[in-house]
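Hi,

Here is the structure I promised to pass on. Have a look at it first, and my notes follow underneath.

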Amino acid sequence: MYRRTILAMTTASVFALGFSTAHAADVAEGDTLAEKQVFSYRLLDQFPTLDPQLNEETAGSHVLRQIMEGLMTQDADGNLRPGVATGFEASEGNTVYTFTLRDTAKWSNGDPVVAQDFVNAWRRAADPATASPYAWYVELTQMKNAAEIVAGKMDPSELGVEAVDDHTLKVTLTQPVPYFPAMTSYATLSPIHMPTVEEFGSDWTAPENYVGNGAYTLKELALNEYFTLVKSPTYWDADSVIIEEVTGLVINDVNQALTRYESGEYDMLEPLPAGTYPRLKTERPDEAKSVPRLCSYYYAINQRPDSQPELRDPRVRQALSYAVDRNVIVDQILQGGELPGYNFAHAATAGFEMPEIEYAGWTQAERDAKAKELIAEAGVEDLELKLIYNTDENHKKIATVLSQMWKQKLGITVTLSNMEWSTYLDVRRGGDFDLARVAWCGDYNEASTFLDILTTDQEQNDGKWSNAEYDKVIAASKTSDHPATEYKAAEQILSDDMGIIPVYHYANTFLLDPAIKGFPMNNVENNWYVKDFYRVAD
Amino acid sequence: MTAFILKRLAIAVPTILLLIVFSFLLMEAAPGSPFATERGVPPAVLANLEAKYGLDKPLLQRMGIYVWDVVAHFDFGPSFKFKDRTVNDLIAQGFPVTLTYGFWSFLVAVAVGGSLGVMAAVFHNSWLDYLAVGISIGAQVLPNFVMAPILVLIFTLWLGWLPGGGWRGGQIEYLILPVIALSTSYMASIARITRSSMLEVLNAGFIRTARAKGLPMHRVILRHALKPAMLPVISYLGPAFVGMITGSVLIDVFFSTGGIGQFFVNSALARDYSVIMGITILIGALTVLFNLLVDVIYAWIDPKIRY
Amino acid sequence: MIAGRATVEAAARIEPVKGRSLWEDARVRFFHNKAAVISMVILVLVALFASLGQFATPWSNEEIDWSMLGSIPEVGGPSWENRHYFGVDESGRDLYARVVQGTRISLMVGIVGALISVVVGTAWGAVAGYVGGRTDTVMMRIVDLMMSIPYMFVLILLLVVFERSIVMLFIGIGMISWLDMARIVRGQTLSIKNKEFVEAAIATGVSTPRIIARHIVPNLLGVVIVYATLLVPQMIIFESFISFLGLGVQEPSTSWGALINMGAANMRNDTPWMLGFPLAFFVVSLFAFFFIGDGLRDALDPKDR
């Protein structure tokens, strides 16, 4: 969601000067634009809402990025660029931010976008009456009184944000958050046109009522079927927006989605059906793409006091990890350009220095030998483990393969148990497992988004692995000038004690019509803006 | 007749009430929360959500409110997942879609299945009979989750004749593949029932008499045999209706039609309790009503049944 | 998915079988029906395959052939040399062994479903029909009530909501399978109950449970058998639908439905054997069940001689 990459720049207190006057789509030289400028893509699932303050998932965020614009947006490399704000000034040690809003920004009904629209939106997001599932995001910004408002102890009007005038927005934080401007690019902090919300109530998100300030406006929406967006004439940068119409098609079944892509129905398919990437790469080399994605896949090991005592022996945990042939997983099962994982934080995380994990350098034969040795040393016999995963083709394949690796190499019997997502989360939080599949995607592009969740009292630490030394290093990283050192040390501790079994680092595989240009391949958070795209003539 | 209908309605009402209570309690017993995410929801946020959806009240009170809203106002409450929609909104969008392709599938199944069955019976033990029986069993045993992707492969990717999915307000080209996929197995069942009941009717005395009088075969069939032969088919329409609605789960997944089945499965997975309950109750009530309707038609056609 | 009224009607048309000689006749008639006899042979072979097929392969249903992984479309096809007679599945497991094991599960689902329906449905229907009066009304109302519950939806709910298991599947299948049977049996019982031999039994003071067990139920067998045979394929189709939704048996166990679904998902990946073998077993066996059901009905139905 937000990036620490801009951290380096925040030492300069006035940021506005540093911006390029970035236009939307930059047509490369020699490209001829196609007659019909349309872009269509496939959605796995219907997004539940287009209310920016109520949205809580990716599919909705992708659409909201087109129809709503926050203070800041991201460019093709994931760097910050101006949105409604032309720039900002950070003061009092990054606790007060003053944003300057462009006076050309307009809502789709012609009203000007003013600072109060942001104030209203942010209060609305924190207001218990709104009951936004993403209210925690407002808390995360450390905006003054946010936590109290969410807990219902203060009135939303006490939130640390004020409209100094129509084009000046002042935000007060309780602690320094150098990446606050980056956080404003996420949907939760989009502005809102209150008169519309007040007039139509929860129906304001219907296409005929919707008022947004993005490059596109919502034209049609049929749930579980499709939606269309059209270029907004009132958008401040409308002149440089090239794509005229955007269509999203909801197709649940991955194989159906692929067949329909191949019939030429739409331009982008993501994600690909499990295991099809190699074939598609050969058949459609210009279309099949694989780019790093900031997510890490691992198995949590249950370390609760009532768990299997063998698992609380680090030697057993190491043996389990060593016996996993990660190359089989990435090269023979997933085959989509994923990286074998020997550590937790994704290798492509900005500013992260990969630790030198010893067993990463061994051959698999060496790892297997060591694993057997450790198991013998620990005196483990007839160990039976329960492995849980949520129902999904890839998770099933990986669980199947891992269980066979452990069975054949270490003689450990693993029972597989899969369940639906909601039940799965419940069971995993409750600790009724020995090994549990987890995938963690970075909320922002910095290693702490990964490493923090394995500290002792984190709710997301489902294995309940706890290591005092690790906690200490992570705590130290918060105030460090060069946190990469601490992160490296933390990874080392994690690996020595084998608190989790890292499996692989994600890649995003998708098909994209080569006629579509301007897709941000280097944005590891997969945040794209259709206003940057254009379609070339065949 | 009126008494019969009233009697059946008297059973229908408690059935539906029981269904409401049953689905409510099942949802209550279910592990997993509609608000759960990978990240975990902070307690304060969770409390706000629960307050908004009235989940902080005691069980009996909630159940009372729910039953009252449903019975008195036909109001199934807000959706937990589709945050700015009510269950009624979702049903209003999905149900007409399911009903439309369900209706056409129904018609195709009865028309094609019926003709196939009559043909097989009339040409009993000929190659036409064997062919019809073969087709109908084949259609019944080929799972439609295999047939649906094959249909799309052929008609969308290879031939490019029909769209592989979508609905667009139910335009004819979007209807064809879903209807084929949904109707096939019912077509097969209807063909088999029609064949056997037609065979029986054709062997009956009054038909032999009609034939003996020298009436042409097609007249005998249309004027005399068809009506009694359709009786078992009519009694199959109840289960067929339920099957079609159930089948919408599959049709929606494959053809992105946006029908009720998709809403149901997704809501079950996401623990969107109010949507699951709303759809279950709606389908249950419709099943009850449809069965009632079938019984009435049956009674109306079959002179032997008295009430 | 709901056991078709088709079979109900078909079965309902059968008059109660009278006496032993009729069984003899039926047997002769049945064996004159070529399709039914061939189907019988096929089913016996499938059953043998399910029970003994495992001995013919060195592979188990969960073992991964590591040499196959990663290049399954190229080398994973059926081969005699590496003893993967049916090739391997998408995770490199022997498809032959998996089909053997899936056949076992699917047949079991079909037979258990049919058995539940035979036991519960017969008992329920016979008691309701024989005792009559208020008991009958109440019992049949319960059946009516249960029939109007959208079962597929409830079953999906059960499987989604609770940790899935084969027991849950059987509960779900058991819930629906007996309802139609109860109705048919009741109807038949009503017509048997007034027959002379039953009246004779009543006159000689035989107790009600004994009359039901010794006089009513044996005379229902014809109907019950025919209906049960036609129910088996319905149950198998039912399970395959559940598997398609990803709610079937737990890995590494499998079933026809799960295997076909896996094969269908890989339809475009140049691995035709993944769909072909399980689908062939599924289709052929179901054909056989239907033909046997038809054959039995024709054989036991004196009208259609």
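**What I found**

Let's start with helix 10 of chain A (residues 326-334), which is mostly covered, with 7 of its 9 residues buried. Buried here means that 20 or more other C-beta atoms, placed from the backbone, lie within 10 Å of the residue's own. Helices are DSSP runs of H or I with at least four residues, strands are E runs of at least two, and both are numbered from the N terminus.

Before going on, some housekeeping: this is a predicted model, where local features need pLDDT of at least 70, side-chain atom pairs count only at pLDDT 80 or more, and totals for chains, interfaces and linings use all residues. Residues are numbered from 1 along each chain as its sequence is written, while chains are lettered from A and ligands numbered from 1 in the order in which they are written.

Back to that helix. Its buried residues include Arg326(A), Ile329(A) and Leu334(A). The cover over them includes strand 14 (339-340), helix 12 (393-410) and strand 19 (500-512) of chain A. Right after the helix comes Gln335(A), with a positive phi near 50 degrees.

Strand 17 of chain A (residues 435-441) is mostly covered as well, with 5 of its 7 residues buried. Strand 13 (residues 288-301) of chain A runs antiparallel to strand 17 of chain A and is joined to it by 7 bridges; for example, Tyr297(A) is partnered with Ala439(A). Strand 15 (residues 384-390) of chain A runs parallel to strand 17 of chain A, with 2 bridges, and there Ile388(A) has Ala436(A) as its bridge partner. (Strands count as paired if DSSP finds at least two bridges between them.)

The largest nonpolar core, a set of buried Ala, Val, Leu, Ile, Met, Phe, Trp, Tyr and Cys residues joined through C-beta atoms within 7 Å, has 338 residues, and Trp122(A) and Ile156(C) have the most contacts inside it. Helix 10 of chain C brings the largest share, 19 residues.

Now the chain contacts, where two residues touch if their C-beta atoms, placed from the backbone, lie within 7 Å. Chain B meets chain A through 41 residues from chain B and 38 residues from chain A. Between chains C and B, 31 residues come from chain C and 35 residues from chain B. On the chain C side of that second contact, helix 7 of chain C gives the most, with 6 residues.

Cheers

Terms used. Buried ≥ 20, exposed ≤ 12 C-beta atoms within 10 Å, placed from the backbone.
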